[in-house]
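Thanks, everyone. I'll take one model today and walk through it from the outside in.

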Amino acid sequence: MPTSPDELERRLAFVRRLMDEAIPFSRVLGLRVRELTRGRAVFEVPYKPELIGDPDRPALHGGVLSAVADTAGGCAVWTTVGESDRVSTIDLRVDYLRPGRLEPFHAIASVLRVGNRVGVANVILVHPSAPDEPIAEAKGVYSVKRAGD
């Protein structure tokens, strides 16, 4: 766990670089970190026609929404643990509230709790054009593997 402000800033910069550049699937989605603080991550996903799941409606694919929610929740947890610790998904529950429109959307993840082995985060997915009308809400449970375990 970062212990000083400088260490926290270095850790957040590392996590941002990883999320923005190193994960191939995130690049496919166009996922970008908009905000990153200890225990909170905000991601932006630009609209691309390849993200449509229902061409008749049309609406964003539910799998895209869940993948982004999972990534944002895991990232938020990861900002609270040590640099050599690892985070992986145990469980993800997604409530789809309304169809995702053909426009960019944000995932806003906040950590509820991080213990020695498990972290929990809430994630809200919204269009910036309608921030009071969530597309989906998710709760992620993440395994925390501490360095040296």
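First, how much accessible surface does the protein have, and what share of it belongs to carbon and sulfur atoms? About 7700 Å², with 52% of that belonging to carbon and sulfur. Keep in mind that this is a predicted model.

Now the overall build. The protein has 3 helices and 8 strands. Starting at the N terminus, the order reads α-α-β-β-β-β-α-β-β-β-β. The C-alpha trace spans about 50 × 25 × 25 Å along its principal axes. The radius of gyration is 15 Å, and a compact globule with 149 residues would come out near 15 Å, so the two agree. Of those 149 residues, 41% are buried. Take the contacts between residues at least 6 apart in sequence: 63% of them join residues at least 24 apart.

Next, helix α3. This one runs from residue 62 to residue 78. Is its length what we should expect? Let me put that properly: what span should its 17 residues give at 1.5 Å a residue? The answer is 24 Å, and the end C-alpha atoms are indeed 24 Å apart. Buried means under 20% relative accessible area. In α3, 13 of the 17 residues are buried, so the helix is largely enclosed by the rest of the structure.

Stay with α3 and look at W78. A search of the whole structure finds 1 aromatic pair. The partners are F14 and W78, set edge-to-face, with 6.2 Å between centres and 70° between planes. F14 belongs to helix α1, residues 5-22, whereas W78 belongs to α3, so the pair links parts of the chain 64 residues apart. Which of the two is buried? W78 is, because its relative accessible area is 10%. F14 has 27%, so F14 counts as partly exposed.

Now T79. This residue sits in the loop between α3 and β5, and β5 covers 86-96. Is T79 buried or exposed? Buried, because its relative accessible area is 0%. A polar atom of the T79 side chain lies 2.7 Å from the backbone nitrogen of G39.

Last stop, F25. Find F25 in helix α2, residues 24-29. Its relative accessible area is 48%, so F25 is partly exposed. Along the sequence, F25 and A67 are 42 residues apart. In space, their C-alpha atoms are 9.4 Å apart.

That's the tour. Questions, please.

Methods
Residues numbered from 1 in each chain as written. Predicted model: local features only at pLDDT ≥ 70, side-chain atom pairs only at ≥ 80, totals over all residues. Heavy atoms only, no water. Phe/Tyr/Trp six-rings, centres within 6.5 Å; stacked < 30°, edge-to-face > 60°. Helix = DSSP H or I, 4+ residues; strand = E, 2+ residues; numbered from the N terminus. Buried < 20%, exposed > 50% of the residue type's maximum accessible area, 1.4 Å probe, protein only. Polar contact = N/O pair within 3.5 Å; in protein donor to acceptor, adjacent residues only side chain to side chain. Expected span 1.5 Å × (residues − 1). Rg over C-alpha atoms; globule rule 2.2 N^0.38 Å. Contact = heavy atoms within 4.5 Å. Areas by Shrake-Rupley, 256 points an atom, 1.4 Å probe, with all protein chains shown as cover.
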